[in-house]
Structures are given as structure tokens and as C-alpha cells.
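Thanks for coming. I will go through one protein today, starting with its domains and then turning to its metal sites and a sheet. Please have a look at the sequence and the model first.

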Amino acid sequence: MKVGVFYGKGDIRIEERPVPEPGPGQMLVKIAYVGICGTDIEFFKDGGVPPFMKVPLVLGHENCGVVAKLGEGVTKFKVGDRVLCGPPSHCPEDCPSCKEGKTNICIHAFPRTAGLGQYDGGYAEYLLIHDVEHTTIVPVPDNVDFKDAVLFDVICVSLHGIRNSQFKFGDDVVVSGTGPIGLSAIQILKAAGANRIIALGTNSAKEPLIKSYGADYFINSKECKDLAGEIKKILGKEVGADVVYECAGNMNSLSNLVYDCVKPGGQVNVIGTIQQPMTELIPGRFSIFEPNMQFSFTYTEDEVRIYLQMSAAGKLHFPGMVTGVVSLDECVEKVFASDRKGQLKVLIDPSL
Ligand SMILES: [Zn+2]
Ligand SMILES: [Zn+2]
């Protein structure tokens, strides 16, 4: 079978490998689509990877497809089931976080994510699930397209970040960042009953899409001279928004939210992964207003089920999020090594 292997900075090779054979407790899934994640692109551009990541590695942690072969003892699924396959669901060690149901902050599980840690991922025709019992594998309802199901990774990051925040029905919110995570946060906040949703971004061409997802206002944060003033003007208040969300993954965005967008005593949520030092923030300048800062990371299997159920019921729908489907052979040229202009989420269909 064909696989996409990451070797280091600027180096992804398409190779031929034997189809893996599932052992006891394992399962083989024929990949329908695998999402190209922003982190995969970061690995390619920057070369930096988490310390627990085995390189070379077949990338791909946003997988969905059809169960192709069961290893001994696997009874939860049958051949032909439509499933999505995500990160570990909990650890066999039963750590304190997993005991509390906070499996997303399990101290053991994350490095075991296929395509990110020690196991090969889904940039392949077939994905071997190493430990079915401890992996997020959720049946995809018949009326949910694989192209929607495979968005679970970005959408559940936002879903979890919002569930983990102090947001309440009727709150005014600011979402900074209008990539897949920011866009999904906007739609989830709209569904959750936000009062006014202000989106901050740097690309005004995206304004119609951002508004179609549920933002009431869009501010180009690069062009706006007085962000704090603009927010207060929109809200008609002397203070900023109740809850704000960092979804752009950079310090500029976080600084804007902390200094200019959140009300005294409000909450700043960091959902995006920021790989920059926080040296730009001077706590003395904003701690006088006692903002609360909350960090969120990934999601739980329950949250994946919530997404699929709400998607099946038509309550969450992300048209326009998938901007392309490419083959393994095309993925480097069309995505990793391209300028990615106009791209949001690009999927690989390994059968192409
Ligand atoms: Zn991802
Ligand atoms: Zn655990």
C-alpha cells in the first residue's frame, strides 16, 4: 500500500509498504479520508516535533474509513463498519485524569496517538489501530458524510474549549482567528446561544464565510487602529466581551484579546496551540482587571460523539470548511510545499 512518511523538515516521502496485519486487540481500517492538520504542516515547515514522536513516521491523526479486518478478541466492531479514528480514548494505566473523565489531559495517552507519537497514522491506504480498547473509535452515522466526520479533530478542539470555558447563554464573545478552529468555535458559540459574536481576523476576504458561520461582526485586527474602542462601540458598553477565545495560535492574537477585548473579570480562553514564548504579555498591565485565563487541549471521546450526533441531527454543519481533496502523491506539492492560499481544511483520499 501507499503511505506518506514524514522524515523531517521539508521531507515527506510517498513509499510502498505491506498492508499491516492486525494482531490481538487490533483492527485494520481502510482510510476514506485523512485530514491534513495544521500541526502536520508545522512539522513539515519547521522540522520541530514533540519529543515523543518517532521519526520517520506515517503522519495522519484525523482518520475515518471502513473497518477492513479484525484482530483476535475485537468484538466492538465488525468488518464494514463506518468509523472515525482519533487519539487514545483513555489509558490502560487508569491515571488520575482518566479516572476523573478528563482523558484529554491523560499523562500517558497523547504520545500514543497514531500519526503523532509512536505509531504510524492514516496517510495510508490502511491504518492499523494498535489498541482498539483504548482508542477513540466512533461509529459514523449513516447520514453523516465521511467528509464531515473527518472534521472531528478541529471541531472537537473548539467544542472542548468552549465546554471548558465559563461561557453562558447570552454572553458577548470575541473569537480571534478564522481558520478551521476559529470558524468552528464561531458556529458552536452561535448554536450555544452567544449574544454578539465578534470575529477577529487578518483576511477581510473571508468575511462572508465568517458571517455565514454565525459571526455578527468582523474586525480586521491588522487594520484596526483602536481595537478596544471598536469592541466597546459594537457592544455599546464601557467594557469588553464576557468571554474571548484565542483560536489563531499566535501571541499577537492572544495579546489583542487580553489587552483590548475582554471585560474586567472576564475570561480569556487559549484554544489554539501557541508555539511562541509569552514574553509579550506584561501581567501588571492586565492583572489589575482580574481576567481569568483558561487553557484547553484536545477533547474527549464523549465530545466526538456529541459532534457526530449534532452533525447527524443537522445542528452543526460546516459547509466550505473542506477546500480540497488530494491524493497521497499530490499532498506535498498541493498542500505542504504550497502557499496554501485559500485553503482551510484539505483532505487526503489515499485511494486516489
Ligand atoms: Zn489535528
Ligand atoms: Zn490516563
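Let me start where the two domains meet: 10 residues of domain 1 are in contact with 12 residues of domain 2. Bear in mind that this is a predicted model. Domain 1 covers 2–155 + 299–348, and domain 2 covers 165–295. Taken over C-alpha atoms, the centres of the two domains are 29 Å apart.

The size of an interface is often given as the accessible area lost when the parts come together. For domain 1 and domain 2 that area is about 870 Å², with 71% of it on carbon and sulfur atoms. Which residues of domain 1 lose the most area to domain 2? They are V154, F318 and L344, and together they account for 48% of what that side buries.

Next, the metals. Which residues are the protein donors of the zinc ion (ligand 1)? They are C37 through SG, H61 through NE2, E62 through OE and D153 through OD, at 2.0 to 2.3 Å from the ion. Along the sequence these donors follow the spacing C-x23-H-E-x90-D. E62 sits in the loop between β4 (57–58) and β5 (63–70), while D153 is in helix α4 (residues 152–163), so this pair ties together parts that are 91 residues apart in sequence. Both E62 and D153 are buried.

Is the site of ligand 1 tetrahedral or irregular? The angles among its four donor atoms run from 82 to 141 degrees. A tetrahedral label needs all angles between 85 and 135 degrees, so this site counts as irregular.

The zinc ion (ligand 2) is coordinated by the SG atoms of C91, C95, C98 and C106, at 2.3 to 2.4 Å. The spacing of these donors in sequence is C-x3-C-x2-C-x7-C. Of these cysteines, C95 and C98 are buried. Here the angles among the four donor atoms are 105 to 115 degrees, and the site is tetrahedral. For reference, the ideal angle for four tetrahedral donors is 109.5 degrees.

Last, the sheet. Strands of a sheet pair through backbone hydrogen bonds, either parallel or antiparallel. This one is an open sheet of three strands in the order β2-β1-β4, with antiparallel pairing. β2 (11–16) and β4 are its edge strands, each pairing on one side only. How many bridges join strand β1 (residues 2–8) to β2? There are six, and the two strands run antiparallel. As a single position to look up, V3 stands opposite E15 in β2.

Terms used:
Residues are numbered from 1 along each chain as its sequence is written. Chains are lettered from A and ligands numbered from 1 in the order in which they are written. This is a predicted model: local features need pLDDT of at least 70, side-chain atom pairs count only at pLDDT 80 or more; totals for chains, interfaces and linings use all residues. Side-chain values use heavy atoms; hydrogens and water are left out. Donors are N, O and S atoms within 2.8 Å of the metal (3.2 Å for Na, K and Ca); water is not among the atoms, so sites may look incomplete. Four donors count as tetrahedral if all angles lie between 85 and 135 degrees; four count as square planar and six as octahedral if opposite donors are over 155 degrees apart and all others between 65 and 115; anything else is irregular. Helices (H or I, at least four residues) and strands (E, at least two) are DSSP runs, numbered from the N terminus. Buried means under 20% relative accessible area, exposed over 50%, partly exposed in between (1.4 Å probe, protein chains only). Two strands pair if DSSP finds at least two bridges between them. Domain bounds come from an automatic or database domain assignment. Contact means heavy atoms within 4.5 Å. Buried area is the accessible area (1.4 Å probe) that two parts lose on being put together, summed over both.
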